[in-house]
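User: Please take a close look at a single part of this structure. I would like one helix described together with what surrounds it.

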Amino acid sequence: MAAADLIELWRGDLMESVHRGHAVVWDRGGMVAAWGDADAVIFPRSSCKMLQALPLIESGAADAAGLGTEQLALACASHQGARIHVDRVAAWLDGLGLAEPDLRCGAHMPNDPPENRRLTCSDEAPCQLHNNCSGKHAGFLTWTRHHRAGPDYHEPDHPLQQAVRRVFEEVTDETSPGYGIDGCSAPNFATSVAGLARAMAAFADPGADARGQAMARLTAAMTAHPELVAGEGRACTLLMRAMGGRVAVKTGAEGVYVAILPERGLGIALKAEDGATRAAECAIATLL
């Protein structure tokens, strides 16, 4: 099935651009609505960080480390590298007896304008704490420390990543056809748009078992701290604030977006075929 026309850009009376893609809305009963090809296989990229964080809670590592809602929100975050992000991840690692060199996410300049300007106008180089995935990696390190696993937790054959894959396949209810290496060096497991929406519906209507409780904790942490999940001016943060904590949303690179709607038990997943962020942000806002 072909991609659908999701977003049109008009200038005056002329349609100037069009973004095609796939979108699925799911609930516990199955597919509610779909555009394009629900079975299109994609890399969810950072939109699946909630799934990657489930082993952190399910293993007992989060509670053993005394993690609060801020740390759980950061574990699901693609943050801006602002001081509120960098300082909190540094404190989290310090509480584990670890430090920035223990991360395996790599360094890049922060997207937060004040922090970017501060580094640009000084002799200080960005560190791994500025990486937008440093919170996820702090969660990975928390699991690794709890299980006394090896330091290279980002390797696909590491026990952590094997645990992540098991959880990912169980919640999407699909066998992943493979993985790609994400920008932060960790494996990113592929699934269909429908599988990703199914997973978000599970977060929206979790059971009372241990997994359901873990899902509810992560969703609640995201909606409680939208500024930690992304940052000022970012669509994730703005949308969660606009929805008054009733919806959790998460972007992924290359035009992916998901949403969790607990009040309605709905999960949403979408992919802009051309990878355009502007299309994904417009599409998720329209669907919400």
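Analyst: What follows is an account of helix H1, its packing partner and a cavity beside it.

The model is predicted. H1 covers residues 49-58, and the helix it packs against here is H7, residues 159-172. The two axes lie 8 Å apart and make an angle of about 115 degrees. Angles of 65 to 115 degrees count as roughly perpendicular, and H1 and H7 are therefore placed in that class. The crossing of H1 past H7 is right-handed.

On the H1 side, the contact is made by Leu51, Gln52, Leu54, Pro55 and Glu58. These meet Ala163, Val164, Val167, Phe168, Val171 and Thr172 of H7. Sorted by class, the residues of this contact are eight nonpolar, two polar and one charged.

H1 also contributes to the wall of an internal space. Searching the whole structure gives one cavity of 30 Å³ or more, and the volume of the largest cavity is about 40 Å³. Its lining consists of Lys49, Gln52, Ala53, Leu56, Ala75, Lys136, Gly139 and Phe140. H1 provides four of these residues, the largest share. Helix H6 (134-147), like H1, supplies at least two. The lining divides into four nonpolar, two polar and two charged residues.

Gln52 appears in both settings: this residue belongs to the H1 side of the contact with H7, and Gln52 is also among the residues that line the largest cavity.

Notes
Residues are numbered from 1 along each chain as its sequence is written. This is a predicted model: local features need pLDDT of at least 70, side-chain atom pairs count only at pLDDT 80 or more; totals for chains, interfaces and linings use all residues. Side-chain values use heavy atoms; hydrogens and water are left out. Axes are lines fitted to C-alpha atoms, for helices over the stretch in contact, and angles run from 0 to 180 degrees between N-to-C directions. Helices (H or I, at least four residues) and strands (E, at least two) are DSSP runs, numbered from the N terminus. Angles under 35 degrees count as roughly parallel, over 145 as roughly antiparallel, 65 to 115 as roughly perpendicular and the rest as oblique. A crossing is left-handed if the near helix is turned anticlockwise from the far one by less than a right angle, and right-handed if clockwise. Contact means heavy atoms within 4.5 Å. Ala, Val, Leu, Ile, Met, Phe, Trp, Tyr, Cys and Pro count as nonpolar, Asp, Glu, Lys and Arg as charged, and the others, Gly among them, as polar. On a 1 Å grid over the protein atoms alone, a cavity is a set of points where a 1.4 Å probe fits but cannot get out, and a pocket is an open set with protein on both sides within 12 Å along at least five of seven lines; lining residues have an atom within 4 Å of a point. Grid points are joined across faces, edges and corners, and a volume is the space filled by probe spheres set on the points.
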